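This report describes the fold of one protein chain, its sheets and the empty spaces inside it. Look over the sequence and the model first, then read on.

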Amino acid sequence: MYILGISAYFHDSAACLLKDDYIIAAAQEERFTRKKNDESFPINAIKYCLVEAGISLNGIDHIVFYEKPFLKFERLLETYLAFAPSGFISFMKAIPMWLKDKLFLKKNIINQLKLIDEDWDSKKSSLLFTTHHHSHAASAFYPSPFNKAVILTADGVGEFTTTSVAIGAGNKIEEVKEICFPHSIGLLYSAFTYYLGFKVNCDEYKVMGLAPYGRPVYTDLIFKQLVNLKADGSFRLHQQYFNYCTGLTMTSSRFDKLFGQPRRKPNEAILQFHMDIASSIQVAAEHIMLDLTIALYKEFQFDDLCMAGGVALNCVINGKILEQSGFKRLWIQPASGDAGGALGAAYAVYYEHLSNERKNPNGTDKMRNGLLGPSFNANDVKECFIDNHIRFEELETKHLHEKVAASINDGKVVGYFKGRSEFGPRALGARSILADPRRIDMQSVLNQKIKFRESFRPFAPAVLEEYAPTYFDFEGSSPYMLMVIRVKSELRIVPLPENELLQGFELLKNKRSDIPAVTHVDYTARIQTVNYRNHPDFYDMIKAFYNLTGCPCLLNTSFNRMDEPMVNSPQDAIDCFLNTGIDVLVIENFMAVK
């Protein structure tokens with residue numbers, strides 16, 4: 001049985017293909033179109049999934065979309081009526097688009113699929129719809145290693161729901177409570193993203209990265225004026241400070257007055273004030289999510305928690321939930337945003353709509369380390385190098401790893417392209433840029449010469465799983481780079497006396513640990529643990545560096561430039577190699593050096 005899941009028309013459109021409960025393929029449309037966070041119908045991602053399975057659209061039994069457009073339209077109308085006459089301009093912009101395309105989504109989906117295969121018989125496949133947050137919940141629970149768990153989903157908004165709690169058991173998910181629009185932790189965080197001059201639904205991670213440079217001096221003001229937080233973690237937002245219900249911006253003029261400064265324009269300098277704002281909303285979001293998860297643990301007394309939705313990509317929050325909530329185990333969908341909705345919708349059909357038994361052998365997750373995207377054969381790679389007039393050498397895998405490790409030890413930056421690409425926003429060793437985490441200058445080198453982005457942006461360590469407890473206050477696995485953990489105290493380096501009073505970006509001058517390029521200024525790191533069973537090539541790559549240097553981790557960041565998706569094809573990788581300061585390019589077993 002083949003089930004095709006689709007998410008589209010908001011951001012991060014994607015497709016996922018299941019054969020029974022096995023994920024054949026999953027990919028985001030942005031990787032093919034090269035348009036970051038592409039929201040268009042995922043024609044290219046669907047084509048890829050079909051090729052990976054070796055079937056046509058007529059071989060699909062069920063097609064499922066990740067949300068219900070009529071419910072979303074109902075929420076839109078109710079919101080405009082509730083706030084009328086405010087929002088008239090926004091109303092006039094939104095309604096024609098809905099009446100033309102989004103409302104009649106079934107017809108639109110059929111027409112788009114016909115463009116993929118004109119011989120497709122739409123009567124052969126059932127076309128189904130799940131709700132947005134049920135898709136998130138299904139993506140969190142069904143691929144997880146748990147047979148029974150609390151499921152927490154939190155994002156901006158689906159149809160009506162912004163935060164939901166469910167219980168997953170076997171092949172069923174029972175939704176037990178929810179918070180509805182306009183009260184949303186995701187929209188709260190996005191409002192601050194907007195206020196800080198970053199892109200909403202895209203740059204929230206920049207706020208998280210900026211937060212350690214500031215002080216949470218406005219957190220009390222947030223809870224006094226913006227958020228009414230209850231003991232069980234439920235909350236309400238005071239709407240007079242926001243404009244997202246009916247306006248064309250996220251915040252109102254009252255928001256600016258509350259914090260005493262206008263919204264930062266995207267190209268303006270980032271000041272200490274902005275760092276303090278980022279720190280304050282990050283701490284506030286942590287407080288909300290901790291109160292919520294602590295209350296859920298006390299209420300349900302389960303050991304296991306699953307999470308999805310955009311808020312679940314806040315790695316700092318996740319680390320604190322694991323440490324303080326009471327839950328013993330935490331599993332987060334690596335594609336927690338809307339892209340993962342395609343996968344969750346497909347699983348909801350297989351387990352709930354079709355009532356199939358859920359089997360979970362050995363307690364492993366079904367995501368296969370997130371390596372669910374395209375791969376390329378040696379002939380394709382070789383031809384691409386030749387077409388671009390790039391000299392290269394082909395090496396045996398062991399020799400390749402040793403040469404790459406030596407290059408990294410010499411201070412070189414390596415673009416690493418191996419096997420199937422990652423599904424979700426994190427590079428996990430298949431479409432990665434690798435560098436030496438021990439070099440204090442490597443963070444600025446990567447940001448300025450390769451990523452072309454803000455200097456404060458942090459990088460992550462990929463560490464051999466057996467050595468993770470030696471370097472970090474952590475035991476277990478974190479294969480998807482979704483938790484921020486403290487660096488071991490014995491590895492931290494106390495600032496020199498003349499640097500003790502440094503603030504803001506000046507903190508980068510301090511050598512923070514033995515692996516400074518991946519240690520945040522607050523002595524934490526967003527870790528990825530790597531084991532041989534799930535990721536053998538990347539494990540051997542890090543092991544080669546360990547054998548050479550005694551350091552069991554590498555700096556790992558996504559293989560792309562600022563405002564571009566991760567590279568997807570050999571040509572994408574070569575373009576990035578030629579147009580950045582990357583020193584060494586590895587594509588499969590081929591290596592090129594500038």
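Helices and strands are DSSP runs, a strand having at least two residues and a helix at least four, and they are numbered from the N terminus. The model shown here is predicted.

## Overall form

In secondary structure, the protein comes to 19 helices and 21 strands. Along its principal axes, the C-alpha trace spans about 65 × 60 × 45 Å.

The chain has 594 residues, and a compact globule of that length would have a radius of gyration near 25 Å; the protein has 23 Å, which agrees.

## The sheet of five strands

One open sheet is made of five strands in the order E8-E7-E6-E11-E12, with mixed pairing. Strand E8 (172-180) and E12 are the edges; each has a single partner strand, so one side of each is left without a neighbour in the sheet. On average, neighbouring strands of this sheet are turned by 20° against each other, direction ignored.

Strand E11 (residues 304-308) pairs with E12 in the parallel sense, over four bridges. Within this pair, Leu305 stands opposite Leu330 in E12. Helix H12 (residues 315-324) packs on the sheet and touches both E11 and E12, its direction making about 155° with that of E12. Helix H11 (residues 272-300) lies across strand E6 (148-154), strand E7 (161-169), E8 and E11, and runs at about 155° to E6.

## The sheet of nine strands

A further open sheet has nine strands, in the order E13-E21-E20-E14-E15-E19-E16-E18-E17, and its pairing is mixed. Its edge strands are strand E13 (393-394) and strand E17 (483-486), each pairing on one side only.

Strand E20 (residues 584-587) and strand E21 (residues 590-593) pair in the antiparallel sense over four bridges. Val584 has Val593 in E21 as its bridge partner. Helix H18 (residues 536-549) packs on the sheet, where it touches strand E14 (414-417), E15, strand E16 (460-464), E18 and E19; the direction of H18 makes about 90° with that of E16. Helix H16 (residues 442-450) lies across strand E15 (431-435) and strand E19 (553-558), and runs at about 135° to E15.

## The second largest pocket

Rolling a probe the size of a water molecule over the atoms shows where empty space is left. In the second largest pocket, this space comes to about 790 Å³. The pocket is lined by 35 residues, and those nearest its centre are Trp331, Asp365, Ser477, Pro479 and Tyr480.

Which strands each supply at least two residues of the lining of the second largest pocket? They are strand E12 (329-332) and strand E18 (524-530). The largest share, four residues, comes from E12. E12 is also an edge strand of the sheet of five strands, while E18 belongs to the sheet of nine strands. By class, the lining of this pocket has 14 nonpolar, 12 polar and nine charged residues.

## Two cavities

The structure holds two cavities of 30 Å³ or more. Space of about 50 Å³ lies in the largest cavity. Its lining is made up of Gly209, Pro212, Tyr213, Gln443, Phe456, Pro458, Leu508, Arg512, Thr519, His520 and Val521. Sorted by class, this lining has six nonpolar, four polar and one charged residues.

The volume of the second largest cavity is about 30 Å³. Ala26, Ala27, Gln28, Arg31, Phe32, Gly373, Pro374, Ser421, Glu422 and Asn568 line this cavity. Strand E3 (22-28) and helix H1 (30-33) each supply at least two residues of the lining, and E3 gives the most, with three residues. By class, the lining of the second largest cavity divides into four nonpolar, four polar and two charged residues.

## Contacts of Leu258

Leu258 is placed in helix H10 (residues 253-259). Which residues does Leu258 touch, not counting residues up to four places away in sequence? Leu258 touches Leu221, Gln225, Leu226 and Tyr241. Leu258 and Leu226 are 32 residues apart in sequence, and their C-alpha atoms are 9.6 Å apart in space.

Conventions. Residues numbered from 1 in each chain as written. Predicted model: local features only at pLDDT ≥ 70, side-chain atom pairs only at ≥ 80, totals over all residues. Heavy atoms only, no water. 1 Å grid on protein atoms, 1.4 Å probe; cavity = no way out; pocket = protein on both sides within 12 Å on 5 of 7 lines; lining within 4 Å. Points joined across faces, edges and corners; volume = space filled by probe spheres on them. Nonpolar A, V, L, I, M, F, W, Y, C, P; charged D, E, K, R; others polar. Pairing = 2+ DSSP bridges. Contact = heavy atoms within 4.5 Å. Axes fitted to C-alpha atoms, helices over the stretch in contact; angles between N-to-C directions. Rg over C-alpha atoms; globule rule 2.2 N^0.38 Å.
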